[in-house]
Amino acid sequence: MSSTTQDLERIALDVLARADGPVGAYDVLAALRTVRPSAAAPTAYRTLTRLIEKGLVHRLESLNAYVACCAEHDGSAPLFSICDDCGTVGELADPAVASQLAAAVGREGFEAEKQVIELHGRCAQCRTA
Ligand SMILES: [Zn+2]
Ligand SMILES: [Zn+2]
């Protein structure tokens, strides 16, 4: 029995959903190999790209890692808070922030097509520890 594209997407999403923090492409690849031993890095990247296009997964640019989407957002860019101590990543959707950023660069005549909003710092738990 051969694994389908859907199988790979389901497994990748499962790895991300179960993880405590962001997951690298090679950890996703390791999981994919459980059903498709011949899978190589491009398979992992293609699978992750499809999940990103479906809005189920986000790529954290500053960490070069991936997280399952865990916020409600209709088209607006997510805001990520990344704890540099424990690695916890929070996701929230704030359309006002996204549109203010787009408006700010728009005043310079720039048309934003993609927003990456990642804030590094320490989470509430680490700050009180
Ligand atoms: Zn999201
Ligand atoms: Zn923390």
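This text goes through the domains, the nonpolar core and one hairpin of a predicted model.

The domain assignment splits the chain into domain 1 (5-68) and domain 2 (78-128). Their C-alpha centres are 22 Å apart. Where the two domains meet, domain 1 contributes 8 residues to the contact and domain 2 contributes 10. On the domain 1 side, the touching residues comprise 4 nonpolar, 3 polar and 1 charged.

The largest nonpolar core holds 18 residues, and the members that touch the most others are Ala12, Leu16, Val28, Leu32, Leu48, Val57 and Tyr66. Two or more residues of this core come from each of helix 1 (5-18), helix 2 (25-32), helix 3 (41-53), strand 2 (65-68) and strand 3. Helix 1 supplies the largest share, 4 residues. The core is not confined to one domain: at least three of its residues belong to domain 1 and at least three to domain 2. Such grouping follows a general tendency, in that nonpolar side chains of soluble globular proteins tend to be buried together.

Leu48 shows how the contacts are arranged around one core member. Leaving aside residues up to four places away in sequence, Leu48 touches Ala12, Ala25, Val28, Val57 and Tyr66.

Strand 3, which also gives residues to the core, spans residues 78-83 and pairs with strand 4 (residues 89-93) in the antiparallel sense over 5 bridges. Within this pairing, Ser81 has Gly90 of strand 4 as its bridge partner. The hairpin has 5 residues between the two strands, and Gly87 adopts a positive phi near 85 degrees there.

Terms used. Residues numbered from 1 in each chain as written. Chains lettered and ligands numbered in written order. Predicted model: local features only at pLDDT ≥ 70, side-chain atom pairs only at ≥ 80, totals over all residues. Pairing = 2+ DSSP bridges. Core = buried A, V, L, I, M, F, W, Y, C linked by C-beta atoms within 7 Å. Buried ≥ 20, exposed ≤ 12 C-beta atoms within 10 Å, placed from the backbone. Domains from an automatic or database assignment. Contact = placed C-beta atoms within 7 Å. Nonpolar A, V, L, I, M, F, W, Y, C, P; charged D, E, K, R; others polar.
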